[in-house]
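Got a minute to look at a model together? Let's ask why a few labels apply.

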Amino acid sequence: MIAQSNNRHVTRNAREWINLAIELKPRTVLNTSKLFYNYFIDQMSIKPRMQTEMQNFQWDLIFENLDKKFISSDTKTYLFSLINELIPTRSKMFRHGIAGIDSPNCILCGNLDTITHRIKLCNKSSLVWNWIKNLIMVRIRINTRDPEELIALQFNLKSYKKNAGLWLVCEAIRFNLMNYGLDGMGCLEKFKKEIRDARWNNKAVFAKYFKNVLNIF
């Protein structure tokens with residue numbers, strides 16, 4: 001990060017943060033960009049707008065769950081983009097007057113394009129979301145009105161069923177956000193294949209955190 005201090009493409013605000021990091025480095029144990037970022041966020045008490053507006057949510061617990069070791073870094077990227085409202089939905093782009101966006105509605109189904117719509121309401125997304133909902137409630141046997149509730153549940157690492165449910169929810173969110181706008185044909189089968197591939201390629205992780213809970217399809 002500090003090496004970017006002379007980069008002319010860095011924004012003014014970013015350069016100010018970098019210069020502050022240069023001043024702090026000799027006096028602290030901060031030696032990575034991540035540590036500096038966490039330090040600045042903590043010192044400035046910066047919170048995502050969603051966290052400020054929805055104060056009744058258990059945000060500490062949500063962040064703890066989304067940082068579980070069995071959730072991949074790619075999936076975490078989508079989850080934290082979601083929390084920080086960085087997903088460019090058509091309703092958001094339309095509201096900000098982005099060129100070329102002539103409607104706030106979904107290009108696939110015509111309904112209002114929001115984060116919730118992309119995750120679980122759009123025709124394509126709902127196939128994946130309803131599938132994991134059925135899997136979580138019927139096969140894994142976690143009683144929940146909405147799988148998204150698992151993100152805010154408190155449980156320990158030996159809660160294999162809840163771990164598996166949380167992982168499925170996070171993967172469904174990633175998949176639906178990542179594949180928005182693509183041909184919906186076969187999307188559920190594609191998602192199932194990704195789940196099977198993840199299970200095959202991460203046997204040790206699955207055995208440690210899920211046991212055999214996800215060996216059901």
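Here are some short questions and answers on helix packing, cysteines and burial.

This is a predicted model, where local features need pLDDT of at least 70, side-chain atom pairs count only at pLDDT 80 or more, and totals for chains, interfaces and linings use all residues. Residues are numbered from 1 along each chain as its sequence is written, and side-chain values use heavy atoms, leaving out hydrogens and water.

Q: What makes α5 roughly perpendicular to α9?
A: The axes of α5 (residues 73-83) and α9 (residues 160-178) cross at roughly 80° and come within 9 Å. Angles of 65 to 115 degrees count as roughly perpendicular, so that label fits α5 and α9.

Q: Which residues make the contact?
A: With contact meaning heavy atoms within 4.5 Å, α5 brings Thr75, Tyr78, Leu79 and Leu82, while α9 brings Cys170, Glu171, Ile173, Arg174, Leu177 and Met178. They split into seven nonpolar, one polar and two charged.

Q: Why is Cys106 not bonded to the closest cysteine sulfur?
A: That sulfur belongs to Cys122 and lies 3.7 Å away. A disulfide needs two cysteine sulfur atoms within 2.5 Å, so the pair is too far apart for a bond. The structure holds zero disulfides.

Q: How do you know whether Cys106 is buried or exposed?
A: Buried means under 20% relative accessible area (1.4 Å probe, protein chains only), exposed over 50%, and partly exposed in between. Cys106 has 5%, so Cys106 counts as buried. Cys170, at 1%, is buried too.

Q: What about Lys76, buried or exposed?
A: Lys76, found in helix α5, has a relative accessible area of 17%, so Lys76 is buried. Leaving aside neighbours within four places in sequence, Lys76 is in contact with Leu66, Asp67, Lys68 and Ile71.

Notes. Axes are lines fitted to C-alpha atoms, for helices over the stretch in contact, and angles run from 0 to 180 degrees between N-to-C directions. Helices (H or I, at least four residues) and strands (E, at least two) are DSSP runs, numbered from the N terminus. Angles under 35 degrees count as roughly parallel, over 145 as roughly antiparallel, 65 to 115 as roughly perpendicular and the rest as oblique. Ala, Val, Leu, Ile, Met, Phe, Trp, Tyr, Cys and Pro count as nonpolar, Asp, Glu, Lys and Arg as charged, and the others, Gly among them, as polar.
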